[in-house]
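This report concerns the disulfides of the structure shown below. It treats their pairing, geometry and burial in turn.

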Amino acid sequence: MDGSLRFRAVSLTLFLVFLTLATIDPKFCYGISEVHCIQSEQQALLRFKADLTDPLNRLASWAGDGDCCQWEGVVCNNVTGHVQELNLRSFPPPLLKYFSIEAQYEAAIQSYAQSMFGGLVCG
């Protein structure tokens with residue numbers, strides 16, 4: 001292959017690489033997505049919420065007029081929009097040995113118990 005032909009091949013390859021890079025949406029690279037949650041999954045989450053008791057109102061963002069991928073505790077796939085996971089965990093207080101007064105521990109346990117979700121979880 002002579003020098004001129006090699007130069008053209010390299011130039012064409014570089015051109016195609018740059019053209020490909022120019023067509024990639026930069027939001028995709030940063031994990032920013034325009035994908036919204038799937039309507040049927042949003043409705044399923046709202047039915048799930050309706051069967052729960054939420055004493056601390058942690059699911060206040062779960063309203064029918066928003067993108068469920070933006071709701072607190074909901075993680076969606078940024079390509080498909082499917083709900084991938086729910087992060088609804090409550091963390092119990094530390095063990096009794098970390099409290100100086102047993103009454104403080106009892107109060108922490110009671111507060112934790114009052115903050116937990118309740119209601120029908122399986123249906």
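## Disulfide pairing and geometry

Counting bonded cysteines along the chain, the disulfides of the protein chain are connected in the pattern 1-2, 3-4. The model is a predicted one, and a search of the whole structure returns two disulfides.

The table lists each pair with the computed separation of its sulfur atoms.

| Disulfide | S to S distance |
|---|---|
| Cys37 and Cys68 | 2.3 Å |
| Cys69 and Cys76 | 2.2 Å |

The disulfide of Cys37 and Cys68 is right-handed, with 135 degrees about the S-S bond. Cys37 is located in the loop between α2 (26-29) and α3 (39-50), and Cys68 in the loop between β1 (52-53) and β2 (74-76); the pair therefore ties together parts that are 31 residues apart in sequence.

For Cys69 and Cys76, the torsion about the S-S bond is about -95 degrees, and the disulfide is therefore left-handed.

The accessibility of the cysteines completes the description. Cys37 has a relative accessibility of 12% and so counts as buried, the cut-off for this class being under 20% relative accessible area. Its partner Cys68 is likewise buried, with a relative accessible area of 0%. In the other disulfide, both Cys69 and Cys76 are buried.

In summary, the right-handed link joins Cys37 and Cys68, whereas the disulfide of Cys69 and Cys76 is left-handed.

How values were computed. Residues numbered from 1 in each chain as written. Predicted model: local features only at pLDDT ≥ 70, side-chain atom pairs only at ≥ 80, totals over all residues. Heavy atoms only, no water. Disulfide = S-S within 2.5 Å. Helix = DSSP H or I, 4+ residues; strand = E, 2+ residues; numbered from the N terminus. Buried < 20%, exposed > 50% of the residue type's maximum accessible area, 1.4 Å probe, protein only.
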